[in-house]
Each structure stands twice: as structure tokens, then as C-alpha cells.
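Reader: I should like to learn how to read a helix and a salt bridge in a protein model. Could you guide me?

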Amino acid sequence: MKTRRWLITIALCLSVFVALGAYKVMQIRSAIAFAESFPEPSETVEAFTAESRMIQQSTTTIGEIIAPQSIDLRNELEGRIASVNFTSGQIVKQGQVLLQLDISEETARLQAAQARADLAQVDLKRVRKLRQNKTVSEERFDQAKAEYDIANADIAALKAAIDKKTLRAPFDARVGIHEMEAGEFLQSNTLITTLVGLNDYTWVDFNLPLHQANIPLGTSIEILSNAQSNESIKGEIIARDSVMSAQSRNLRFRAKIESDAQFQPNAIVNVRLPLSTNTETTVVPATAVRHDKLGDYVYILRADQEANGFRAIRRSVVTGFEDKDIIAVTEGLKPGETIAANGTFKLRDNLLVFVKERPTVSQSH
């Protein structure tokens, strides 16, 4: 009896397990059928056909506007201001007196020194005449000549002091803002104002790393006020520093451009310059190239006739220079191959893709 009961129990358990399994299989089949009723996941992107172009590789770096003539006007000697002969922002001529310190004491001492010099000159003439008649000694003549030379030296020293207290414009220039007033006492080496020369050209200084520092003098460049600007000013490289910077290991260059009111001295600008001659290169939109820890890659769009679309196939590439909205591809892609351009962030390998449009790439400089 016990054996029969156990067999009946086992049979019932097996029946329950089989029924549950069959029910689960039916559920799974229903879920699969329900999932298959949905269309395959897909994305829509913009496509581009890789093309070959003659491109001149270039680079953009930061430059600084340098005035060819620019000085900070400072006084060498201390003294009280007697007169200020210029206003802020005024254009002055070379040699024009800009600021006069008090020279009343030096002027009085100069008059006394000139009187002593005149007296010494008269005495020297008299002694020279007596010396010819051999009525005075050689020592007396040397003494008279020395006194005359000393008097002239005193005159020269006082004139130099007066000249140092008379500040003149060293060249035609526009003066900066100042706050000087007559009667103010100035310590030596006080900054009075800044003078910027009136030139029809200006300089742009910029640095390049060692691997780009073989640009020859006379190379044409473009100066832009910012990286997004379409307006530029042409310039020419005129000088190269003799040594590289010990801090940055970059080499300093200087370019000459026509003077332009929008570029003030010390302003920061963008300098675009060529690095090579025109070469034939495969180019793609910058949005087509993706990056991860394995390197750069693009998605090739391979036609899928059954799905009436494309399959996204990931392909690793080697990129070169980047200029504005294009990137040069040196390895991994051939002209004529269709790739995903905009919207590549949505793709994965073998994903169904539909093409929205085929954009064009702007011309590179």
C-alpha cells in the first residue's frame, strides 16, 4: 500500500511539473511572437560619401599684437612738475615737450657755470699769449686750460640734468591716459604715460612647437580676432627667434600685418598658418569620427536590400589634421565609401540605419 501511495504522489507531482512547464513554454512563445511583431530597432542619421580633396594642412595658434614703437614714459630724475604739455589720448610729434620738471635751480647754476667758463676762457687766452712770449710757466698754462675744461664740463652736466627733466616724445605717437598735474612732486622712475607709435603696420608674435617650427620666413598667414571669425587680415612672417623657450620649448615667431584699428597692442588674436603644400587627402565631416579607448572610428553604411536601409559597420581609422568642420583620414577609409555623418552617437555595430540626407562639407583653407 505504501508503495502504491508513493507512486501516485510522484505521478501527481510529475503531472503538475509538466503542466507548469508547458504553461511556461506557451508564455515564452507568446512573448517571442509579441516581440517579433515589433519592427527591428533602427536609427536615422545623415550620411556622407568620403571624398578626396587637395588640402593644405594648416594650424591655428594664439598670437599677441605688438606695437613696433611703444614705451612707458618715465622720469629719470625726481622733481616737481612745472608744466604738463599733453592731454590723454593726444597725438604728439617727435621732439615735442610732454612734461617739464622744475629746472629753476639748474638754470641758475648753468648761468653761473657759463660765467665761470667765460672767465676761464679769457684767462686761458691771456696765459696762452704770455706763454708764447715765455713769460709764464708751463704749469700755469696747464692750470688755466684745466679750469676752462672743468667749467665746460660743469655746463655739460647741468645741460644734461635740464634735458633729463624735460621729457620729450621720442617719436610720433599717441599718448595714453595720465593723471599728472603741475605742482605734483615725482619720485624718480615714476610712470607718466604710455606712448604708442603711429605706424602703418604692426607685429604679431606667436609660438610654435618644435615639430612645426620649420616654417620659412616670408610665409603668408592670417590673423583672426577669434576662432569663429570669418574675417581675417593677411600677414607675413618676418622674424624667428634665435633660441627656443627654456620653459615651453616653443620657438617664437614674429609676423608683420597692416595696422588695423580693431587690433590694439597686447590684444590676443588667432593666427592661422600653413604647415605644408597642397596634398590629396580623404576628408570627412568632423561629426563622423568617434573616439574611444581603442582609438578613432567611423560607421560605414552598408546597404541592406531586405530592410530597405543600411547596416552600420564600425571601422577603425587613422586621422590627420582637423580644420574647422572637416577631418583628414589617412588610413582605414577610401574615397567613395558612404559613412554616417551626423548622429553617429546613436549607432552601434550592425544596427539598422536609415539615411536622412547627405550634407556637404565646407571647403578647407
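Author: The dialogue below takes up a helix and then several salt bridges. Please keep in mind that this is a predicted model.

Reader: What span should helix α3 have, and how far apart are its end C-alpha atoms?

Author: The expected span follows from a rise of 1.5 Å a residue. Helix α3 covers residues 138-164, which makes 27 residues, so the helix should span 39 Å. The end C-alpha atoms of α3 are 39 Å apart, in agreement with that expectation.

Reader: Which residues of α3 are buried?

Author: Consider the general idea beforehand. An α-helix has 3.6 residues a turn, so residues three or four places apart point the same way. In α3, the buried residues are Phe141, Ala144, Ala151, Ile155, Leu158, Ala161 and Ile162.

Reader: Against which elements do the buried residues of α3 pack?

Author: They pack against α2, residues 104-132, and against β8, residues 166-168.

Reader: Let us turn to salt bridges. How many does the structure hold?

Author: The structure holds 13 salt bridges. One of them joins the side chains of Glu222 and Arg272, with N to O at 3.1 Å. This pair links distant parts of the chain: Glu222 belongs to strand β13 (residues 220-224) and Arg272 to strand β16 (residues 268-285), 50 residues apart.

Reader: Why does Glu222 count as buried, and why does Arg272?

Author: The cut-off for a buried residue is under 20% relative accessible area. Glu222 has 13% relative accessibility and therefore counts as buried. Arg272 is buried because its relative accessible area is 9%.

Reader: Which residue forms a salt bridge with Asp292?

Author: The partner of Asp292 is Arg314, and their closest N and O atoms are 2.8 Å apart. Asp292 lies in strand β17 (residues 290-292) and Arg314 in strand β19 (residues 309-316), so the reading must again follow distant parts of the chain, 22 residues apart. Asp292, at 32% relative accessibility, counts as partly exposed, and Arg314, at 30%, also counts as partly exposed.

Reader: Where do Arg315 and Glu337 lie?

Author: Arg315 forms a salt bridge with Glu337, the closest N and O atoms being 2.9 Å apart. Arg315 is in strand β19, whereas Glu337 is in the loop between β21 (326-331) and β22 (338-340), so the pair ties together parts 22 residues apart in sequence. At 26% relative accessibility, Arg315 counts as partly exposed.

Reader: Which residues are joined into one network?

Author: Asp123, Arg126 and Arg140 are joined into one network by salt bridges that share partners.

Key. Residues are numbered from 1 along each chain as its sequence is written. This is a predicted model: local features need pLDDT of at least 70, side-chain atom pairs count only at pLDDT 80 or more; totals for chains, interfaces and linings use all residues. Side-chain values use heavy atoms; hydrogens and water are left out. Helices (H or I, at least four residues) and strands (E, at least two) are DSSP runs, numbered from the N terminus. The expected span of a helix is 1.5 Å times one less than its number of residues. Buried means under 20% relative accessible area, exposed over 50%, partly exposed in between (1.4 Å probe, protein chains only). Contact means heavy atoms within 4.5 Å. A salt bridge is a side-chain nitrogen of Lys or Arg within 4 Å of a carboxyl oxygen of Asp or Glu.
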